[in-house]
Amino acid sequence: ALRASFASKAQNENQNIQYHLQPQASFKVAVLGAAGGIGQPLSLLIKMSPLISDLHLYDIANVKGVAADLSHCNTPSQVKDFTGASELANCLKGVNVVVIPAGVPRKPGMTRDDLFNINAGIVRDLVTAVADNCPGAFIHIISNPVNSTVPIAAEVLKQKGVYDPSKLFGVTTLDVVRANTFVAQKKNLKLIDVDVPVVGGHAGITILPLLSKTRPSVSFSDEEIEQLTVRIQNAGTEVVEAKAGAGSATLSMAYAAARFVESSLRALDGDGDVYESAFVQSNLTDLPFFASRVKLGRNGVETLIPSDLQGLTEYEQKALEALKPELKASIEKGIAFAQKQA
Ligand code: NAI
């Protein structure tokens, strides 16, 4: 998209055509938590999308400067800033995709679940506003613990009578991005070709890379499988420790989230060949939410991809059974939180 955006700009200038006359899709995207570690680079990356006409940046503080800065980039979207709860409704009106990276990140020694007490309430309040102002939007939840914040969002939307399970996504793209990177490095593969399905959830052992289903087909020793699986599961912690108290993954997360936004916009624009992974309402297992590959269309999830869960190796099957109790508990914790507040 980035290349396409620059290419079309250059072409326009060469031909002396007014940029705004170029026929292009025009979707509105809101980023909630836009002044944060993820929010800023994410907003920059999606500012480059030729599919976006309006980019709305919301935060409780410091968003004016971010928006002023970004608005000078000569890419199509108009950037507007919104600060604090009183401006949230205006930020969300008419928006097609809402991305939520609002909330606190981990520090060394913390699990994602340790963030629950703060982030659960933030996600509840933001999704309440989404339900009131743009109930038909795709909602991308980045705020951790995703295994609980997505069920919270679903409950809030149900309470508001606007829940569409096809349009609510926990963003797990970073797990796939990491799996692809680490596998390509380990096996000396061309990065662009590598695709590893990652299923389950988005925390510790609930992140399950299905290495046996890596494309292109590649064989791993048992030791490699163990090493890679553990590295992919702990990759977030690798960054938290390297940042030593300054936060968690922001740049790779922004990259991954921008990819998910762009895929969503292509689907909204009618592209019939859009596949991504996400933590969504699911019937692939006995859990109500589960991360898997999904096919996206104009109305959100068109189909889940069940074939990834068929023919698992013994290692993967065991890991799948092992993650279920933890994932189930995180989902139930989110649902209980939202129901108690109702
Ligand atoms: P950060 O602290 O740098 O930024 C968070 C931003 O949210 C801040 O600008 C803050 O002002 C804002 N915020 C706080 N309360 C808000 C509210 N009520 N409404 C709107 N904005 C609000 O944190 P960072 O590093 O950007 O991480 C954000 C979240 O993303 C964390 O929960 C983190 O755990 C999660 N994360 C998720 C990943 C994933 O793969 N899904 C990967 C990495 C981080």
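Residues 28–170 carry the UniProt annotation "domain: Lactate/malate dehydrogenase N-terminal", from an unreviewed entry. The model shown here is predicted. In this span, 38% is helix and 21% is strand. The C-alpha atoms at its two ends lie 20 Å apart.

A second annotation covers residues 172–337. The unreviewed UniProt entry calls this one "domain: Lactate/malate dehydrogenase C-terminal". Here helix makes up 47% and strand 17%. The end C-alpha atoms of this span are 22 Å apart.

Now take the whole chain. It holds eleven helices and eleven strands. The radius of gyration is 20 Å, close to the 20 Å that the globule rule gives for 342 residues, so the chain is as compact as a globular protein of that length. Along its principal axes, the C-alpha trace spans about 60 × 50 × 40 Å. Buried residues account for 48% of the 342 residues. Contacts often reach far along the sequence. Among those between residues at least 6 apart, 70% join residues at least 24 apart.

Next comes the ligand. Which residues come nearest to the ligand? They are Gly33, Gly36, Gly37, Ala102 and Asn144, out of 32 residues around it. By class, this shell has 18 nonpolar, twelve polar and two charged residues. Helix α5, residues 116–133, gives the largest share of the shell, with three residues.

Move on to helix α10, which runs over residues 251–268. Its 18 residues reach 25 Å from the first C-alpha to the last. That is close to the 26 Å expected at 1.5 Å a residue. Many positions along α10 can be checked for burial. The buried ones are Met253, Ala254, Ala256, Ala257, Ala258, Phe260, Val261, Glu262, Ser264, Leu265, Ala267 and Leu268. An α-helix has 3.6 residues a turn, so residues three or four places apart point the same way. Within the buried set, Met253, Ala257, Phe260, Ser264 and Ala267 can be followed along the helix with that spacing in mind.

After α10 comes Gly270, with a positive phi near 100°. Asp271 sits in the loop between α10 and β9, the strand at 274–281. Is Asp271 buried or partly exposed? Asp271 is partly exposed, because 13 other C-beta atoms lie within 10 Å, and a residue needs 20 or more to be buried. Cys91 offers a reference point elsewhere in the chain. Asp271 and Cys91 are 180 residues apart along the chain, and their C-alpha atoms are separated by 27 Å.

Terms used. Residues numbered from 1 in each chain as written. Predicted model: local features only at pLDDT ≥ 70, side-chain atom pairs only at ≥ 80, totals over all residues. UniProt positions renumbered as here; feature names shortened; annotations may be inferred. Helix = DSSP H or I, 4+ residues; strand = E, 2+ residues; numbered from the N terminus. Near = placed C-beta within 6 Å. Nonpolar A, V, L, I, M, F, W, Y, C, P; charged D, E, K, R; others polar. Expected span 1.5 Å × (residues − 1). Buried ≥ 20, exposed ≤ 12 C-beta atoms within 10 Å, placed from the backbone. Rg over C-alpha atoms; globule rule 2.2 N^0.38 Å. Contact = placed C-beta atoms within 7 Å.
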